[in-house]
Amino acid sequence: MPVVPATQEAEIGAGVSLPGILAAKCGAEVILSDSSELPHCLEVCRQSCQMNNLPQLQVVGLTWGHVSWDLLALPPQDIILASDVFFEPEDFEDILTTIYFLMHKNPKVQLWSTYQVRSADWSLEALLYKWDMKCVHIPLESFDADKEDIAESALPGRHTVEMLVISFAKDSL
């Protein structure tokens, strides 16, 4: 696995922290975060760090859409990881508000996010336009794997997983 070259990464809505843990194992400096309103989630992040021999990783409470001392204290990031945070449409704008704040610390930062398509009615497009961001879909085929093997589920129904890279729109740089 390639080593990530000295990047500063944050994972928002970390949950069990798999993307952040993997990035740290590849050499990135990582800060994990989950909701400050859910201390149990922050404890799960800490436990994941301990179980993966990464006790040095910083875990902070960030509540999407809220300005806090922890948010203000975050250093500029190179990459923001977010695995399946676009779950509830009522959270979409709060998530993008937080990302917008972090993008102002480093306008070249990118949000790398995976999400499960749950409804064709849920769209980020208007919010991305509002916050002067753009989005690029990363096709599953670009991961050099058989599409049938990626995001496979035995559950009934459609379980399509997508990857997005969100950044500032070019005219805002």
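One face of helix α2 looks outward: P39, H40, Q50 and M51 are exposed there. The model is a predicted one, and in it α2 takes in residues 39-51. That makes 13 residues, with 18 Å between the first C-alpha and the last, close to the 18 Å expected at 1.5 Å a residue.

The other side of the helix tells the opposite story. L42, V44, C45, S48 and C49 are the buried residues of α2, and they share one side of the helix because they cover an arc of only 155° around its axis. The general rule behind this kind of pattern is simple: an α-helix has 3.6 residues a turn, so residues three or four places apart point the same way. As for what the buried side packs against, its partners are α1 (18-25), β2 (29-34) and β3 (58-61). Just past the end of α2 comes N53, and its phi is positive, near 55°.

Ahead of the helix, the loop between β2 and α2 holds S35. This serine has a relative accessible area of 13%, so S35 counts as buried, the cut-off being under 20%. Its side chain has a polar partner, too: a polar atom of it sits 3.0 Å from the backbone nitrogen of E37. Leaving aside residues up to four places away in sequence, S35 touches L42, G61, L62 and T63. L42 in that list is also one of the buried residues of α2, while G61 falls within β3 (58-61), one of the elements that the buried residues of α2 pack against.

Notes. Residues are numbered from 1 along each chain as its sequence is written. This is a predicted model: local features need pLDDT of at least 70, side-chain atom pairs count only at pLDDT 80 or more; totals for chains, interfaces and linings use all residues. Side-chain values use heavy atoms; hydrogens and water are left out. Helices (H or I, at least four residues) and strands (E, at least two) are DSSP runs, numbered from the N terminus. The expected span of a helix is 1.5 Å times one less than its number of residues. Buried means under 20% relative accessible area, exposed over 50%, partly exposed in between (1.4 Å probe, protein chains only). The arc is that of the directions from the helix axis to the C-beta atoms. Contact means heavy atoms within 4.5 Å. A polar contact is a pair of N or O atoms within 3.5 Å; within protein, one must be able to donate a hydrogen and the other to accept it, and residues adjacent in sequence count only if both atoms are side-chain atoms.
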